[in-house]
Amino acid sequence: MAVVQFSEEKLNKVKEIIARYPQGKQKSALIPVLHLAQEAFGGWLSAETMDYVAALLQLEPIEVYEVATFYSMFNLKPVGTYMFEVCQTGPCMVSGSDQIIDYIKGKLGIGVGETTADGLFTLKTVECLGACGYAPMMQLGKHYREHLTPAKVDEIIAECRAKANAN
Amino acid sequence: MGRKLLLDKAHIEGIRYYDTYRSNGGYAAAEKALKNLGPDGVLDEVKKSGLRGRGGAGFPTGMKWSFIAKPEGVPRYLVCNADESEPGTFKDRYLMEFIPHLLIEGLLISSFALGANSCYIYIRGEYAWIPEILEQAIAEAKNKGWLGKNILGTGFDLEIYVQRGAGAYICGEETALIESLEGKRGNPRIKPPFPAVKGLYQCPTVVNNVETLAAVVPIINIGGDEYIKFGTGKSTGTKLISACGNINKPGVYEIEMNISVEEFIYSDEYCGGIKNNKRLKACIPGGSSVPVLPANLLLKTAKGETRMMTYESLADGGFATGSMLGSGGFIVMDEDQCIVRNTLTFARFYHHESCGQCSPCREGTGWMKKVLQNIEYGKGKMSDIDLLWDIQRKIEGNTICPLGDAAAWPVAAAIRHFRDEFEWHVLNPEESQKRNFGLAHYADPIPAPAAV
């Protein structure tokens, strides 16, 4: 297991984030720094990662655990390189999200919450992401993929595979 | 064409960037506020404008601002609530993505009025690409002297920071948002004390929605007296409506609050009618928390008056026959949609999003989800419908924050207006797995257009 240690660049970013808050309020930096950590250390937060963040911000580890477990965007176990987070709330449902979820399941051969054997894809269902007018939709990394159709899902999967092969 | 105040320049190419925004009249309101009006003058204009919070509650903004405590030597904060998470709502995203400087200018004027030198934009974590857009706009504004120290030589200092959340609907509630901004779980606080007295870091704080703060810009530009000439009665100005569901033209529309619901749904300027020439079954006009209305009560009130897109008209009849304008998340359902299934998705949503502090909400939302699941999947009993009613009634009003109410209302309204559909599910467990109930008696009063 690689050592949990931010790069110099990330450490500077942490300093910049802490400077946004009044003296002594660096706990406010916790959520932004957890985002940075999740990005830097494999897309999820291990106990080691959370302990590292606690030490960095001079917090008790429990203060980090309680936050990490509260927010849905923090992954507490490993996930695939590409995580399909498909919205299933009312407005997406009336626009066909159930069919999209079924299609992805069939296409990738996994259920909701599972990861493909090659570690490439994770399928997750999520609640409203604020893209109701462009439904059905999913979050993929930093961006939204909207107006999903089976054909579009195929394209996205192909695009991810191509990217993975290039790396 | 309806008059616009927020999106009037949204179509201009490059409006996302400072130079274009500025050359199209941007920051004129900020200049007027800082150089001529002063903090009290700004507050007066906002009070006169009758602006009401655009996040959902509709509380008068000027009044909220006037509550802020001003103890000597204690910093004050303005927090912009960009945690847009109410299902059906995606209007703030549009503003931030396409006209970020409108928000930045609104934050500058509002911070100036409140005497806040630090302002935080708390944006939902999933809008992961938007902080960069906002930070770029902030950097541009700072570079041009609109942020930083001694702005326009007035001695007023301001820094704006963007803070990303990490996936929690509850953080749209202002005290939960403050907790989250302090690096904690998003558990709402008991009020009082209200944030205006003890908010962020126990200092006086105002939390306002993105659209509310953006609306301050046109208010200062045209003056509160002119602003109230837009809209109707106590629904002054314009409102962004994010329309979705089974309509021809989903999207974000700025409406003057003087048009009818029927015009909004059927006119080509807005939703463009129901998709695929279907008939209108029901609509949730203000985000998932507000009561769903069947078509017959949506277009006309129980008194037979035309239902308008205003705070008052949408609420006409109370919860018995009315709903709310709420956040402006306008969800339209056609004749093929299943009310039970739709209600189930919302019950699941609120169960997922309950912070778990108050047992009526933590437990009750889970029970509602399970009972609804049984009904939806053909395993329901007739008594389950009354059980659902009983659970929602025991959640409402019994929690620290309004999430409990928000979870209870959609279930209550669905049973109130669509009880026969729930009963049909229970009585026809097999058939209900194959087809939907359809329109029934709450038929669309407007005939479907002839098929082309």
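Helices here are DSSP runs of H or I that hold at least four residues, numbered from the N terminus. One such run in this predicted model is helix α6 of chain B, residues 130-143, and Ala141(B) sits in it.

Ala141(B) makes a handy starting point. Its relative accessible area is 0%, so it falls on the buried side of the 20% cut-off. Setting aside residues up to four places away in sequence, Ala141(B) touches Tyr27(B), His101(B), Ile104(B), Trp146(B) and Leu147(B). Arg3(B), on the other hand, is 138 residues away from Ala141(B) in sequence, and the two C-alpha atoms are 28 Å apart in space.

One of those partners, Trp146(B), is worth a look too. Trp146(B) belongs to the loop between α6 and β3 (159-164) of chain B. Being in a loop doesn't put this residue out in the open: Trp146(B) has a relative accessibility of 4% and counts as buried. What does Trp146(B) contact, once its neighbours within four places in sequence are left aside? The list runs to Tyr18(B), Arg22(B), Tyr27(B), Ala30(B), Glu31(B), Leu108(B), Ala141(B), Ile151(B) and Leu152(B). Tyr27(B) therefore turns up twice, touching Ala141(B) as well as Trp146(B), with both contacts resting on heavy atoms within 4.5 Å. Along the chain, Trp146(B) and Leu158(B) are 12 residues apart, and 8.6 Å separates their C-alpha atoms.

Next come the helix pairs of chain B. Helix α5 (residues 100-114) and helix α8 (residues 210-222) have axes that come within 8 Å and cross at roughly 80°. That angle makes α5(B) roughly perpendicular to α8(B), because the label covers 65 to 115 degrees. On the α5(B) side, the residues that meet α8(B) are Leu102(B), Leu103(B), Glu105(B), Gly106(B), Leu107(B), Ile109(B) and Ser110(B). Facing them from α8(B) are Val210(B), Leu213(B), Ala214(B), Val216(B), Val217(B) and Ile220(B).

Helix α5(B) has another partner in α4 (residues 91-98) of chain B, and here the axes come within 4 Å and cross at roughly 95°. So α4(B) and α5(B) are also roughly perpendicular to each other. Leu95(B), Met96(B), Glu97(B) and Phe98(B) supply the α4(B) side of this contact, while Pro100(B), Leu102(B) and Leu103(B) supply the α5(B) side. Leu102(B) and Leu103(B) thus do double duty, meeting α8(B) and also taking part in the contact with α4(B).

Over in chain A, the secondary structure amounts to seven helices and four strands. Their order along the sequence is α-α-α-α-β-α-α-β-β-β-α. The C-alpha trace of this chain spans about 50 × 35 × 25 Å along its principal axes. Of the 167 residues in chain A, 53% are buried. How many of the contacts between residues at least 6 apart in sequence join residues at least 24 apart? In chain A the figure is 58%. The chain's accessible surface comes to about 7600 Å², and carbon and sulfur atoms account for 53% of that area. As for charge, chain A carries 15 positive and 19 negative side chains, with the centres of the two sets 4 Å apart.

Ser95(A) gives a view of where the chains meet, since one of its contacts is Gly245(B). The others are Ala135(A) and Pro136(A), again not counting residues up to four places away in sequence. Ser95(A) lies in the loop between α5 (90-93) and α6 (97-108) of chain A. Is Ser95(A) buried or exposed? Neither, quite: its relative accessible area is 26%, which makes Ser95(A) partly exposed. Tyr134(A) is 39 residues from Ser95(A) in sequence, with 9.1 Å between their C-alpha atoms.

Finally, a few backbone oddities. Most residues other than glycine have a negative phi, and most peptide bonds are trans. Gln58(A) goes the other way with a positive phi of about 55°, although it is not a glycine. Gln58(A) is in the loop between α3 (47-56) and α4 (61-68) of chain A, and its 67% relative accessibility makes it exposed. In chain B, Asn276(B) also has a positive phi, near 55°. Asn276(B) sits in the loop between α10 (261-266) and β9 (280-284) and is exposed as well, at 61% relative accessibility.

Chain B also holds cis peptide bonds. One joins Lys191(B) and Pro192(B), with omega at about -5°, and another joins Pro192(B) and Pro193(B), with omega at about 5°. Pro192(B) is located in the loop between α7 (174-181) and β4 (205-209) of chain B, and Pro193(B) is in the loop between α7 and β4 too.

How values were computed: Residues numbered from 1 in each chain as written. Chains lettered and ligands numbered in written order. Predicted model: local features only at pLDDT ≥ 70, side-chain atom pairs only at ≥ 80, totals over all residues. Heavy atoms only, no water. Helix = DSSP H or I, 4+ residues; strand = E, 2+ residues; numbered from the N terminus. Buried < 20%, exposed > 50% of the residue type's maximum accessible area, 1.4 Å probe, protein only. Areas by Shrake-Rupley, 256 points an atom, 1.4 Å probe, with all protein chains shown as cover. Lys, Arg positive; Asp, Glu negative; His and termini not counted. Charge placed at Lys NZ, Arg CZ, Asp CG, Glu CD. Axes fitted to C-alpha atoms, helices over the stretch in contact; angles between N-to-C directions. Parallel < 35°, antiparallel > 145°, perpendicular 65-115°, else oblique.
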